[in-house]
Amino acid sequence: MLSIVVEHIFLLVIVTLISVLQNAFFATKVEREGKEHNNKTAFERVSCANRNCMDSYPTFLAVMWCAGLCLNQAPAAFAGIIYLVARQKYFVGYMGQTSQSTPGYLFGKRVLAFLILMCIVGIFNFLLLRYFSSDYKDTLEMITNAASALLLIP
């Protein structure tokens with residue numbers, strides 16, 4: 001019984017654990033900059049970048065898990081990995097000039113929009129199945145699998 005449940009969420013669990021490691025990396029970076037008292041501006045930039053990433057973190061986790069559970073875990077987990085890459089790009093870019101963080105921010109927003117769309121489609125499919133006995137899950141999974149590859153286009 002447990003293996004059946006784990007089979008349907010293990011990719012989401014892996015992405016969640018990777019995101020936790022990324023948060024630990026960001027926190028370590030903030031701590032390291034805080035110990036260096038020479039450059040207050042660098043600490044403020046790293047601290048602000050970390051806060052910005054943490055502000056969107058609950059939203060990311062919620063929509064990734066909802067998309068994975070309501071529709072399909074593979075494209076949701078793939079989008080989650082892409083989001084983590086975008087968040088890393090944002091964080092590193094924020095430590096340079098603020099304009100360098102913009103591409104990572106915009107890319108992250110696009111991934112979140114994709115995950116939100118997956119959630120809505122998954123919920124809509126559930127309602128169709130529940131009230132009209134029409135199940136389009138296989139078709140929707142095929143579409144989301146193909147559409148997730150479009151996230152790689154810059």
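Here are four short exercises with worked solutions on the predicted model above.

**Exercise 1. The annotated spans**

Task: Find which residues UniProt lists as "transmembrane region", and describe the chain over residues 6-26 and 111-132.

Solution:
- Start with the record: the unreviewed UniProt entry lists residues 6-26, 60-86 and 111-132 under that name.
- Next, look at residues 6-26 in the model. This span is 90% helix and 0% strand, and its end C-alpha atoms lie 29 Å apart.
- Then turn to residues 111-132. Here the chain is 100% helix and 0% strand, with 31 Å between the end C-alpha atoms.

**Exercise 2. How the helices pack**

Task: Work out whether α3 and α4 are roughly parallel or roughly antiparallel, then do the same for α2 and α3.

Solution:
- Take α3 and α4 to begin with. Their axes come within 10 Å and cross at roughly 175 degrees.
- Angles over 145 degrees count as roughly antiparallel, so α3 is roughly antiparallel to α4.
- Now see what this contact is made of: its residues divide into 15 nonpolar, 6 polar and 2 charged.
- Move on to α2, which spans residues 10-35. Helices α2 and α3 pack at about 170 degrees, and their axes are 10 Å apart.
- Therefore α2 and α3 are also roughly antiparallel to each other.
- The contact of α2 with α3 has 18 nonpolar, 7 polar and 2 charged residues.

**Exercise 3. The largest pocket**

Task: Describe the largest pocket by its volume, its lining residues and the helices that supply them.

Solution:
- The volume of the largest pocket is about 200 Å³.
- To find the pocket on the model, look for its lining residues, among them Asn52, Cys53, Tyr83, Arg87, Tyr105 and Lys109.
- Now assign the lining to elements. Those giving two or more residues are α3 (40-70), α4 (73-95) and α5 (102-132).
- Of the elements, α5 gives the most to this lining, with 5 residues.
- Finally, sort the lining by class: 6 residues are nonpolar, 4 are polar and 2 are charged.

**Exercise 4. A charged pair**

Task: Say how many salt bridges the structure holds, and locate the one between Lys35 and Glu31.

Solution:
- Recall that side chains of opposite charge can pair when their charged atoms come close.
- The count for this structure is 1 salt bridge.
- The side chains of Lys35 and Glu31 form a salt bridge, with 3.4 Å from N to O.
- To place the pair, go to helix α2: both Lys35 and Glu31 lie there, 4 residues apart, which is about one turn of the helix.

Definitions and conventions. Residues numbered from 1 in each chain as written. Predicted model: local features only at pLDDT ≥ 70, side-chain atom pairs only at ≥ 80, totals over all residues. Heavy atoms only, no water. UniProt positions renumbered as here; feature names shortened; annotations may be inferred. 1 Å grid on protein atoms, 1.4 Å probe; cavity = no way out; pocket = protein on both sides within 12 Å on 5 of 7 lines; lining within 4 Å. Points joined across faces, edges and corners; volume = space filled by probe spheres on them. Nonpolar A, V, L, I, M, F, W, Y, C, P; charged D, E, K, R; others polar. Axes fitted to C-alpha atoms, helices over the stretch in contact; angles between N-to-C directions. Parallel < 35°, antiparallel > 145°, perpendicular 65-115°, else oblique. Salt bridge = Lys/Arg side-chain N within 4 Å of Asp/Glu carboxyl O.
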